[in-house]
Amino acid sequence: MFFGDPILLATFSWEIFREVLFLQEYNTRTVVTSTSLLGISAGMVGSFLLLRKRSLMGDALSHACLPGLVIAFLVLVLFGGTGRNLPILLLGAGATGLFGSAMVLWLRNHTRIKDDAGMGIVLSVFFGAGVVLLNIAQKMPGTRTAGLESFIYGQAAAMMRADFILLSVLAVAITLWCLALKKEFTLLCFDENFARSLGWPVQRLDLFLLLLIAAVTVVGMQAVGLILIIAFLIIPAAAARFWTDNLGRMLFLSAFIGGISGWVGASLSSLLPRLPAGAIVVLVASSIFIFSLLFGSARGIVRRNLDQLRLRRKIGRQHLLRAVYETLEQMSPTPDDPFPRNRPVPLERIVAQRSWTRQDVRKLLRRAEREDHLHEWNERELSLSESGFGEASRITRNHRLWEIFMITHADIAPSHVDRDADSVEHLLSPEMVRELEEKLGLQNIPASPHPLTREVHP
Amino acid sequence: MTKTNLPPAEDDPHPEHSRDAPLSIHDLTVAYHRKPVIWDIDLDLPEGKLIAVVGPNGAGKSTLLKACLDLIPRVSGDIRVYGKPYRQQRSLIGYVPQRESVDWDFPVSALEVVTMGVYGSIGWFRPVLRKHRAKAQEALEKVGIGHLAGRQISQLSGGQQQRVFLARALAQEAQLYFMDEPFAAVDAATERAIVALLRELQQQGKTCLVVHHDLATVARYFDHVILLNMRVVAAGPTAEVFHNENLQKTYGGKMPLLEEAGQALRQNLS
Ligand SMILES: Nc1ncnc2c1ncn2[C@@H]1O[C@H](COP(=O)(O)OP(=O)(O)OP(=O)(O)O)[C@@H](O)[C@H]1O
Ligand SMILES: [Mg+2]
């Protein structure tokens, strides 16, 4: 990492970092602002690109920008300029970029070449042509192509004031278009044929989405570079997906992640001017992606595993307590005392209740002890504490109500039953619970052994 | 697939196309890559009926629907909806695609999918409003899964997803519905629910063209049937055209089981 490099480290100080991050200097302020705006627009468009499953298409498009960029440069030079006219350069780049993606679509629709192969072909042919052209340009006498190379890897600091305004306006416009067409793009991505059956001009909509992607690509070419811009389009969207299952929220989160990556990345790169800006921005975005992958609240790995662990524990506890309660029921079937009383239970009988090993039961008991559900236990027998007994009878009642419900209401059951819910009452109406309790009445379990509270046990 | 060149049935050469049929298809041929898949389809659908499209796998049932909906280009043919060219009548049409045709991992809820049914009437650039969502919710209630409105669609079972698609079509408030295998992979209860819904649509005077695979239930569910195998083998009231001979022509003679099914059906009908 660059922090380990002594030469780089020498140029790095927190003072300067703070100065940059909080935009205290005009030049960095423009660079950082426009890169953040770019990040926001890339996050928005990228979400649709991702959902349309066109990520590779974006890659082909951005690589296909190179020949157009160089051609525009050569034309500018031929007409006697320095080749430093950003709008013309971007127009040239966008033109071949769009042409490249049109080629991909054409290959798909008119030949039997598959999408991915088509993209691979277009990407390499166009990029190859671009590299050749760039070489020619470099060998031409009297031209300074240094600026061109910055478009490949990104060089945010090379931005000029006029560029700043152009790029920022473009980025904002892209973002606004995405918001205006949110509903249309959503349907396009989800069910293209349905959109067509509504009479929507799906093809034109698709092209417009491509146009927006091309726009992000050329806007980002200076700050991020055309090789890595695809990462800037895809990574924020992919990261956002880990946090939500809602498209609207995903859009905003993706824009936010893109914006933050642009901000932090551009600040860092103005501190470390020798490193390619695009790479830094993408590394920042990737860190956010990895964090989301692990901790995302909708699909993050850690979150999912934690949920599962919690569920496994909860169900383990329920099984143990119910096993004890049911054993108590079997132990006290005297007519004058129909309800089970809390007393010591042989461990043997608990183990026999389920496909448990002694080991499993011991583990469950140790946890139950920590939760104060046990009065005491040893290798031969165990007894529940008062709260444990209450909990056990509540769990058993819950369980039986669910069983009855599933038998009597089999038709609606699958979508209503949540067997690990803390209480039936949370999911079923009071009338329903009363009805079920009546059905349960003949069994030797009190309708409500302890006053039922809605308190959820931790 | 072997006998594609049967002479046309005698009562079928050039039917008069009625002016106001919900759907009238004239001379339709569709090809993928130069290979015609359905040929010379000539059909008039009667109004207010439930109409089944049956035929073996690859017969072109989905293709017929897609061609009617203008989703794939036609080699030849003219399609009219209530007497006017298809393009002018889109607002009268509802569509239930095959369930596999979309990615169910998409980050939207059941309600949002159903809301797509009213997108056509919202207009471009306009946001989805509360009243649109209320309409979608109503449609979800009608198919019996109102309580699942907020669920992300990947967390629905196959039958529930099918109901979501039906609800979306209901929200379209169309006159003519195209449904591609709405009964695929649903349990008996869902099937009953869907049939009840179809009947309700029929009572409101709407017409439904439904691709259906279960020959045993065709006679029970549908008034009309179109037997399709690259061409229309027969089309008409179920009682008249859904018999063994036509089934043989549609599915080929190599299916003894089918023969029995056909016989059983004939007994059912008489
Ligand atoms: N996109 C496509 N490109 C090329 N051929 C296709 C395409 N879609 C379908 N076909 C061919 O067209 C024929 C009809 O397909 P279609 O999907 O209409 O059949 P179907 O009757 O709906 O079958 P199923 O019962 O399996 O759904 C098949 O032979 C199929 O191979
Ligand atoms: Mg089909």
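**Figure 1. The side chain of R54(A) forms a polar contact with the side chain of D206(A), at 3.4 Å.** The model shown here and in the following figures is predicted. R54(A) belongs to the loop that joins α3 (26-51) and α4 (55-63) of chain A. Is R54(A) buried or exposed? Its relative accessibility is 8%, so R54(A) counts as buried, given that the cut-off for a buried residue is under 20%. Leaving aside residues up to four places away in sequence, R54(A) touches L49(A), L105(A), R108(A) and D206(A). A further pair to locate in this view is R54(A) and D116(A): 62 residues separate them in sequence, while their C-alpha atoms are 9.8 Å apart in space.

**Figure 2. Ligand 1 is surrounded by 13 residues.** The closest are N57(B), G58(B), K61(B), S62(B) and T63(B). Which helix gives the most residues to the shell around ligand 1? Helix α1 (residues 61-68) of chain B does, with 3 residues. Sorted by class, the shell contains 4 nonpolar, 7 polar and 2 charged residues.

**Figure 3. Polar side-chain atoms of chain B lie beside oxygen atoms of ligand 1.** For S62(B), a polar side-chain atom is 2.7 Å from an oxygen atom of the ligand. For N57(B), the corresponding distance to a ligand oxygen atom is 2.9 Å, and for E181(B) it is 3.4 Å. On its own, ligand 1 has 630 Å² of accessible area, of which the protein covers 62%.

**Figure 4. Chain A contains 21 helices and 3 strands.** Of its 458 residues, 51% count as buried. The surface that chain A exposes comes to about 22100 Å², and carbon and sulfur atoms supply 63% of this area. How many of the contacts between residues at least 6 apart in sequence join residues at least 24 apart? In chain A, the share is 71%.

**Figure 5. Confidence in the prediction varies among the elements of chain A.** The mean pLDDT of chain A is 84, and 86% of its residues reach 70 or more. Which elements have the lowest and the highest mean pLDDT? Helix α1 (residues 6-11) of chain A has the lowest, at 51, and helix α10 (residues 182-190) of chain A has the highest, at 96. Over residues 446-458 of chain A, the pLDDT is below 50. Beyond near neighbours in sequence, this stretch has 22 contacts in the model. Predicted coordinates should not be read in detail where pLDDT is low.

Technical notes:
Residues are numbered from 1 along each chain as its sequence is written. Chains are lettered from A and ligands numbered from 1 in the order in which they are written. This is a predicted model: local features need pLDDT of at least 70, side-chain atom pairs count only at pLDDT 80 or more; totals for chains, interfaces and linings use all residues. Side-chain values use heavy atoms; hydrogens and water are left out. A residue is near a molecule or strand if one of its heavy atoms lies within 4 Å of it. A polar contact is a pair of N or O atoms within 3.5 Å; within protein, one must be able to donate a hydrogen and the other to accept it, and residues adjacent in sequence count only if both atoms are side-chain atoms. Accessible areas come from the Shrake-Rupley method with a 1.4 Å probe; for residues, only the protein chains shown count as cover. Helices (H or I, at least four residues) and strands (E, at least two) are DSSP runs, numbered from the N terminus. Ala, Val, Leu, Ile, Met, Phe, Trp, Tyr, Cys and Pro count as nonpolar, Asp, Glu, Lys and Arg as charged, and the others, Gly among them, as polar. Buried means under 20% relative accessible area, exposed over 50%, partly exposed in between (1.4 Å probe, protein chains only). Contact means heavy atoms within 4.5 Å. pLDDT is the predictor's confidence in each residue, from 0 to 100.
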